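Colleague: I'd like to learn how to read a model like this one, feature by feature. Could you walk me through it?

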Amino acid sequence: MRGQPPAGKPALGLGPENGHGPEHRPYHHPAAGWGAAKSVSRLLARERELIDGPRAIFRMNHEGRGFDCPGCAWPDDTKGLHLDICENGIKHVTWEMTRKRVGREFFAAHSVSELMEWSDFALEDQGRLTEPMVYDPDSDHYVPIGWQSAFDLIGDTLRGLQSPHEASFYTSGRLGNEPTFLYQLMAREFGTNNLPDCSNMCHEASGRALEASLGTGKGTVDLKDWESADALFIMGVNAASNAPRMLTALAEAHGRGAQIVHVNPLVEAAATRTIVPHDFTDMALFHSTRTSTLNLQPRIGGDMALLRGMAKALLDQAGHDPKAVDREFIQRHTSGLEEYQKACEATPWEELEHQSGLTRAQILKAAQVYSESDRT
């Protein structure tokens with residue numbers, strides 16, 4: 001989708017894609033499958049990577065003889081799966097091989113003030129830097145600087161700090177493991193561990209919440225759990241965009257009879273059906289597999305009310321059904337159940353329906369799916 005200035009406002013500074021309005025159209029096909037294959041082929045042709053692109057595709061996510069896809073953090077298959085890839089990952093790797101370059105002529109033509117008004121897409125689409133640049137406040141432009149001068153400038157700045165902890169060595173999540181290791185080693189040799197990265201900045205809030213509620217700031221499941229779970233609750237994630245390789249796990253889960261509940265205000269492609277690209281038989285026969293058994297569409301921000309409602313239903317059921325919740329697990333690994341149960345009891349169903357945007361019957365259905373899977 002492309003941006004468009006508000007009515008009556010001049011379309012200045014948005015970048016080369018300026019003048020195009022948002023583009024959207026209905027999509028009724030399965031996620032991934034031939035739609036993804038067509039999109040990837042079109043991209044490889046446009047980027048003129050018809051040889052190196054396929055080579056990279058056949059090396060992605062292969063232990064020992066390949067490299068991890070930089071597109072997402074979905075774990076690699078451990079059973080020797082070939083073509084454990086996705087459309088977004090291929091696009092990401094292809095962009096890493098881009099032939100587009102940004103030289104000094106570009107920065108001479110565009111001031112920093114102008115570039116600050118460009119969209120992220122327009123800036124990224126210009127390509128890769130070809131030499132070090134430094135900001136010149138008098139001209140408001142980036143100007144070339146030699147490598148030695150750049151190193152001297154960085155060194156003088158770092159040595160001029162009163163303490164190494166005044167420096168912060170920020171990195172991109174797209175940086176590979178090897179350069180990340182060298183970068184953090186340099187920072188620690190300098191005398192600080194101030195090493196935030198984009199993942200740290202993005203997930204700090206969720207990590208603190210997970211630490212407070214689950215005792216760990218990271219996820220507590222792996223692919224083995226997915227392979228044996230009776231029910232999967234996918235909340236606020238469109239797998240087709242965020243983690244397309246999850247579609248394989250969802251299709252396999254549906255095939256073994258697991259319940260798959262998607263919680264998202266919009267029923268997106270990944271919550272309908274998919275054709276897994278490395279399943280050549282399904283691709284040849286255009287055979288799709290469902291990726292959900294229940295779609296819940298809460299209002300935006302209504303997922304907490306949904307979870308409170310599910311807990312309320314399960315705790316009510318536990319009053320006459322001792323198997324509704326796992327009391328032994330709760331006593332061994334949690335605290336504060338009594339306070340939470342009182343909070344659930346004090347929250348009326350009318351309030352939960354209003355905040356979640358779901359009916360009581362829908363919330364009870366989700367609780368039933370959870371309860372029945374927990375029994376087995």
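**Reading the features**

Modeller: Let's start small: D52 and R55 both sit in helix α2 (residues 52-57), three residues apart, about one turn of the helix. Keep in mind that this is a predicted model.

Colleague: What does D52 form with R55?

Modeller: The general idea is that side chains of opposite charge can pair when their charged atoms come close. Here D52 makes a salt bridge with R55, and the closest N and O atoms are 3.4 Å apart. The cut-off is 4 Å.

Colleague: How many salt bridges does the count come to by this rule?

Modeller: The count comes to nine salt bridges.

Colleague: On to strands. How do I read a pairing?

Modeller: Strands of a sheet pair through backbone hydrogen bonds, either parallel or antiparallel. For the antiparallel sense, look at strand β4 (residues 133-136) and strand β5 (residues 141-144), which pair over four bridges. One residue pair to find is V134 with its bridge partner V143 in β5.

Colleague: What do β4 and β5 form, and which residue in the turn has a positive phi?

Modeller: They form a hairpin, with four residues between the strands. In the turn, D140 has a positive phi of about 60°.

Colleague: And a parallel case? In what order do the three strands β6, β7 and β10 form their open sheet?

Modeller: The order is β6-β7-β10, and the pairing is parallel. At the edges stand β6 (231-235) and β10 (294-296), each with a single partner strand, so one side of each has no neighbour in the sheet. On average, neighbouring strands of this sheet are turned by 15° against each other, direction ignored.

Colleague: How many bridges join β7 to β10?

Modeller: Three bridges join strand β7 (residues 259-263) to β10, and the two run parallel. To place yourself in the register, use H262, whose bridge partner in β10 is N295.

Colleague: Which open sheet has mixed pairing?

Modeller: That's the three-stranded one with the order β1-β8-β9. Its edge strands are β1 (31-32) and β9 (289-290), each pairing on one side only. β1 pairs with strand β8 (residues 273-275) in the parallel sense over two bridges, and A32 has I275 as its bridge partner in β8.

Colleague: Now helix packing. At roughly what angle do the axes of α1 and α3 cross?

Modeller: The idea is to look at how close the axes come and at what angle they cross. For helix α1 (residues 33-46) and helix α3 (residues 87-96), the axes come within 10 Å and cross at roughly 5°. That crossing makes α1 roughly parallel to α3. The contact is made by A36, S39, V40, L43 and L44 of α1, with E87, I90, K91 and T94 on the α3 side. By class, five residues of this contact are nonpolar, two polar and two charged.

Colleague: How does α14 run relative to α17, roughly parallel or roughly antiparallel?

Modeller: The axes of helix α14 (residues 303-318) and helix α17 (residues 349-356) come within 8 Å and cross at roughly 150°. So α14 is roughly antiparallel to α17, the cut-off being over 145 degrees. The crossing in which α14 passes α17 is left-handed.

Colleague: Which residues make that contact?

Modeller: From α14 come A305, L306, R308, G309, K312 and A313, and from α17 come W349, L352, Q355 and S356. By class, the contact of α14 with α17 has five nonpolar, three polar and two charged residues.

Technical notes: Residues numbered from 1 in each chain as written. Predicted model: local features only at pLDDT ≥ 70, side-chain atom pairs only at ≥ 80, totals over all residues. Heavy atoms only, no water. Axes fitted to C-alpha atoms, helices over the stretch in contact; angles between N-to-C directions. Parallel < 35°, antiparallel > 145°, perpendicular 65-115°, else oblique. Left-handed = near helix turned anticlockwise from the far one by under 90°. Contact = heavy atoms within 4.5 Å. Nonpolar A, V, L, I, M, F, W, Y, C, P; charged D, E, K, R; others polar. Pairing = 2+ DSSP bridges. Salt bridge = Lys/Arg side-chain N within 4 Å of Asp/Glu carboxyl O.
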